[in-house]
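Visitor: I should like to understand how the terms used for a protein model are justified. May we go through them one at a time?

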Amino acid sequence: MKIIVSEFMDEAALAGFPETDRVLYAPGLVDDRAALLAELSDADAIIVRNRTQVNTKLLTAAPGLKVVGRLGVGLDNIDLAACKDRGIEVCPATGANTLSVAEYVISAALMLVRGAYGSADDMCAGKWPRNALIGGEVSGRCLGLWGYGEIARAVAKRAQALGMDIAAHDPFVPAEDPAWSGIRRCETGDELLACSDVLSLHVPLTDGTRNLIDAAAIVKMPKGAVLINTARGGVVVETDVADALRTGQLGGAALDVFETEPLTEDAAQKFKDVPNLVLTPHIAGVTQEGNIRVSSVTVENVKRVLQNG
C-alpha cells in the first residue's frame, strides 16, 4: 500500500503502518499541487489537514485511492460527495484534538476579559499602567456556544468550573438530549447573541453558517462582549469584527481561522492596529500532545480501512 502525507503530523506515528507499506511523508506537497497529483497516481491513501483540497481534480489523479485520513475534524476541504461516489472512505480524527481547542478557548476568554497581558513594552519603558489594565473576571459572565458538539461541551465543562453561566444554540441537538442539563438552551441564534458576554463558535462552514457573525449579529451582543472563532474562516465577516473592535462594540476577539489561509499580508491589513485582538495561525487544535493524539488516531483509521479493503 502507498500512503501519502501531504501536511505535517507526528512523524513517529507513521511507524504504526506495516513495514511493507510505502509511506511518503512530504508535508511540503500541500504547497506543490502538481507534485502531489503526480504522487497520487498509484496511492491507496492520503493523509491531510485542512489545507489540502481533496476535490474532484485530486480524486481523478488518484484512481486507486481508498481512504482519506483527516488530521482533525473539519471536512470542508474534502468533497465528501465525490469521495462517496468513488467509494473512498473519509476518516476524521474525531475527539483527538478536543482538549487542545477547549483549552485555547478558555485561555482566550480569560486573557481578553482580564485584559492585563499586553503591557510588557510599557513596563519596560518605566510606565506603570495600573488603572488602564483593570479588566474583568469571567466568573458570573455568560459564555455562549454557537454549536454544541463535543468540543463545545468540553469548553462548557471547563467554563462552568470557572463560575461562568453557559448558553448554547444548536438545532441539531435534540431538546431532550441530556447534554443540555445545566445549560441554557437557546432556540435561536439571536437569543444566544443577546446573552453572550463571551461567544465561542463551534460550527462547520456551510451555506448556512457563512458570514454568520456580521455587523448585524455583533450589535445584538452585549456591548464590550468577546468573540472567539476556532471554527472556520468565513463564519465571521472579518472586516465587521475589526470595525466592532475599533468602536468598542466588541471588547475583544480571538481569531484562529480566516477566510484566506494562510493569512497573507494583504488579507491581514484589515486587522492592522485593531485593539484587543488575538490572531493565531489555525493552531487551536494543534498542541504537542494533541498532534500526537490526532496523528495516532489518523494512522489507525487509515490502517483499518486499508486492511479491511
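Guide: Let us begin with a definition: buried means under 20% relative accessible area, exposed means over 50%, and partly exposed lies in between. Please keep in mind that this is a predicted model.

Visitor: What makes N211 partly exposed?

Guide: The relative accessible area of N211 is 36%. Partly exposed is the class between under 20% and over 50%, so N211 is called partly exposed. N211 is located in the loop between β9 (198-201) and α8 (215-218).

Visitor: Is D243 buried, exposed or partly exposed, and how do you know?

Guide: D243 has a relative accessibility of 40%, and therefore counts as partly exposed. D243 belongs to helix α9, which covers residues 238-247. The C-alpha atoms of D243 and I283 are separated by 24 Å, and these residues are 40 apart along the chain.

Visitor: Why is S100 called buried?

Guide: Because its relative accessible area is 6%, and the cut-off for buried is under 20%, S100 is called buried. S100 is part of helix α4 (residues 98-114). Setting aside residues up to four places away in sequence, S100 touches A284, G285, V286, T287, G290 and R293.

Visitor: How do you know that S200 is buried?

Guide: The relative accessibility of S200 is 0%, so S200 counts as buried. S200 lies in strand β9. Apart from neighbours within four places in sequence, S200 is in contact with V105, L143, G144, L145, W146 and I228.

Visitor: What does being in contact require, and how far is S200 from A231 by C-alpha atoms?

Guide: Contact means heavy atoms within 4.5 Å. The C-alpha atoms of S200 and A231 are separated by 8.7 Å, and the two residues are 31 apart along the chain.

Visitor: Why is strand β10 described as largely enclosed by the rest of the structure?

Guide: In β10 (residues 225-229), 5 of the 5 residues are buried, so the strand is largely enclosed by the rest of the structure. A225, L227 and N229 point one way from β10, and V226 and I228 point the other way.

Visitor: How do you know that β9 and β10 pair?

Guide: Two strands pair if there are at least two bridges between them. β9 and β10 have 4 bridges, and they pair in the parallel sense. S200 stands opposite I228 in β10. β10 and β11 also pair in the parallel sense, over 5 bridges, and L227 stands opposite A253 in β11.

Visitor: How many bridges link β7 and β8?

Guide: Strand β7 (residues 165-169) and β8 pair over 2 bridges, in the parallel sense. The rule asks for at least two bridges, so β7 and β8 are counted as a pair. A167 has R184 in β8 as its bridge partner.

Visitor: What is the order of the strands in this sheet, and what makes β8 and β12 its edges?

Guide: The open sheet is formed by 7 strands in the order β8-β7-β6-β9-β10-β11-β12, with parallel pairing. β8 (184-185) and β12 (277-279) each have a single partner strand, so one side of each is left without a neighbour in the sheet.

Visitor: What makes N211, H282 and the bond from E261 to P262 worth listing?

Guide: Most residues other than glycine have a negative phi, and most peptide bonds are trans. Phi of N211 is near 60 degrees, a positive value in a residue other than glycine. H282, in the loop between β12 and α10 (288-308), is not a glycine either, and has a positive phi of about 55 degrees. The peptide bond from E261 to P262 is cis, with omega near -10 degrees. P262 is found in the loop between β11 (250-255) and β12.

Visitor: How many helices and strands does the protein chain have, and why is it called as compact as a globular protein of that length?

Guide: The protein chain has 10 helices and 12 strands. Its radius of gyration is 21 Å, close to the 19 Å that the globule rule gives for 309 residues, so the chain is as compact as a globular protein of that length. Buried residues make up 50% of the 309 residues.

Terms used
Residues are numbered from 1 along each chain as its sequence is written. This is a predicted model: local features need pLDDT of at least 70, side-chain atom pairs count only at pLDDT 80 or more; totals for chains, interfaces and linings use all residues. Side-chain values use heavy atoms; hydrogens and water are left out. The radius of gyration is taken over C-alpha atoms; the globule rule is 2.2 Å times the number of residues to the power 0.38. Buried means under 20% relative accessible area, exposed over 50%, partly exposed in between (1.4 Å probe, protein chains only).
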